[in-house]
Amino acid sequence: MNGIITLGAIVFLALIFVKMAVVIIPQSETRIIERLGKYYATLKPGINIIIPFIDRAKSIITIQRGRYVYSNSIDLREQVYDFDRQNVITKDNIQMQINALLYFQIVDPFKAVYEINNLPNAIEKLTQTTLRNIIGEMELDQTLTSRDTINSKLRGVLDDATNKWGIKVNRVELQDIIPPQSVLQAMEKQMQAERDKRATILTSEGTKQAQILQSEGEKTAKINRAEAEKQQAILLAEGEATARIRKAEAEAAAIEKITAAVGKSTNPANYLLAKNYIQMLEQLAQGDKTKTVFLPYEASNLMGSLGGIKELFQGQ
């Protein structure tokens with residue numbers, strides 16, 4: 001009976017020993033093993049064999065749910081630290097609050113364990129001091145509009161400083177930049193003034209363009225009207241000239257026919273003069289009969305015209 005109990009105890013202890021000796025490391029994790037207090041090995045993902053009570057995993061401080069905790073496993077994946085807001089002062093003495101996100105990865109577990117005591121705290125303090133130095137060299141307006149520049153400078157400084165800790169800083173992002181309320185109000189008034197200024201400029205530019213277009217339209221209209229009047233005058237002059245030419249040609253043809261009718265011995269001008277004179281008298285007779293009309297003419301000229309008509313009929 002005692003032998004069975006002893007055998008069972010031995011088997012139980014053996015199982016415990018095997019369980020302690022076999023260490024299974026998940027993917028993207030590792031452990032630092034110390035043998036009798038001295039660094040021995042860095043375990044890889046998979047099954048690893050250690051000597052219980054002689055080999056032990058070195059613990060490292062990590063952040064879990066915003067708290068510092070000790071852990072035997074070292075996570076090799078990219079991690080993110082969300083730091084609390086901190087007060088910084090710009091070059092023009094404006095105090096503001098900034099919080100940053102830090103993305104980093106442990107590339108050398110040995111250095112992460114033995115080169116720094118509290119890795120998360122060291123990274124946080126280094127980020128805060130570096131951020132204060134960078135913001136202190138910039139004015140407020142530059143700080144608000146140069147996030148990419150701040151991120152690049154901060155990442156470069158942190159990457160160089162944490163290289164001896166076995167850390168690779170992949171990127172840094174400024175999450176919030178919060179100026180004081182008074183500064184925000186002043187900035188809002190400034191932006192409103194800028195918007196009003198742009199609106200006034202655009203309105204004046206629009207009015208200017210409208211006046212220019214209107215004046216150009218009036219100029220074009222005047223030019224077109226002048227050109228039309230010019231063409232109209234030219235056409236009227238050409239029409240009057242043509243009419244006069246045609247009238248003169250008609251009168252010449254009439255004179256020729258009168259000459260042919262009365263003969264060369266009689267002057268056709270007397271006939272035309274008498275005809276026109278009689279037509280004028282008819283027009284005067286058809287006018288307003290209440291008016292007195294004085295006819296300044298010489299009786300001899302009228303008698304001469306009538307004599308010419310007489311000679312015409314005698315010739316016929």
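**Aromatic pairs**

I looked up the aromatic pairs first and found 4 of them in the structure, a pair being two rings of Phe, Tyr or Trp (its six-membered ring) with centres within 6.5 Å, called stacked with planes under 30 degrees apart, edge-to-face over 60 and tilted for the rest. This is a predicted model, in which local features need pLDDT of at least 70 and side-chain atom pairs count only at pLDDT 80 or more, while totals for chains, interfaces and linings use all residues. I note also that residues are numbered from 1 along each chain as its sequence is written, and that side-chain values use heavy atoms, with hydrogens and water left out.

Y39 and F110 make an edge-to-face pair, with 4.9 Å from centre to centre and 75 degrees between the planes. The pair links distant parts of the chain, since Y39 belongs to strand 3 (residues 38-43) and F110 to helix 2, 71 residues apart; I take helices (H or I, at least four residues) and strands (E, at least two) as DSSP runs numbered from the N terminus. I then checked accessibility, where buried means under 20% relative accessible area, exposed over 50% and partly exposed in between (1.4 Å probe, protein chains only). Y39 is partly exposed at 35%, and F110 is partly exposed at 32%.

The rings of Y81 and F104 have centres 4.8 Å apart and planes at 70 degrees, so I entered this pair as edge-to-face. Y81 is in strand 9 (residues 79-82) and F104 in strand 11, so the pair ties together parts 23 residues apart in sequence. Y81 counts as buried at 7% relative accessibility, and F104 counts as buried at 1%.

I also recorded one aromatic cluster, formed by Y39, F110 and Y114.

**Charges over rings**

Next I searched for a charge over a ring, meaning NZ of Lys or CZ of Arg within 6 Å of the ring centre and within 35 degrees of the ring normal. The charged end of R35 sits over the ring of Y40, 3.8 Å from its centre, and the charged end of R171 sits over the ring of Y103, 4.1 Å from its centre.

**Surroundings of Y81**

I went back to Y81 for its contacts, defined as heavy atoms within 4.5 Å. Leaving out residues up to four places away in sequence, Y81 touches I63, A100, L101, L102, F104, P120 and I123. For Y81 and A100 I noted a C-alpha to C-alpha separation of 8.3 Å, with their positions 19 residues apart in sequence.

**Nonpolar cores**

Which residues have the most contacts inside the largest nonpolar core? I found I98, L102, L119, I123 and W165, in a core of 35 residues, where a core is a set of buried Ala, Val, Leu, Ile, Met, Phe, Trp, Tyr and Cys residues joined through side-chain atoms within 4.5 Å. Two or more residues each come from strand 11 (95-106), helix 2 (109-114), helix 3 (119-136), helix 5 (147-161) and strand 12 (167-178). Helix 3 gives the most, with 7 residues.

Setting aside residues up to four places away in sequence, I98 touches D84, R85, Q86, V88, L131, I135, L174, D176 and I177. A second, separate core has 6 residues, V23, I33, I50 and A57 among them.

**N118**

I looked up N118 in the loop between helix 2 and helix 3, where N118 counts as buried at 18% relative accessibility. A polar atom of the N118 side chain lies 3.3 Å from the backbone nitrogen of N121. Beyond its neighbours within four places in sequence, N118 is in contact with I61 and Y68.

**Positive phi**

Most residues other than glycine have a negative phi, and I searched for exceptions. L36 has a positive phi, near 55 degrees, and lies in the loop between strand 2 (29-35) and strand 3, where L36 counts as exposed at 71% relative accessibility. F53 likewise has a positive phi, near 70 degrees, and lies in the loop between strand 4 (46-49) and strand 5 (55-57); F53 counts as exposed at 71%.

**Whole chain**

Last, I took the totals: the protein chain has 8 helices and 12 strands, and 25% of its 316 residues count as buried. Among contacts with a separation of 6 or more, 61% are between residues 24 or more positions apart. The accessible surface comes to about 22400 Å², with 55% belonging to carbon and sulfur atoms, by the Shrake-Rupley method with a 1.4 Å probe.

Technical notes: Polar contact = N/O pair within 3.5 Å; in protein donor to acceptor, adjacent residues only side chain to side chain.
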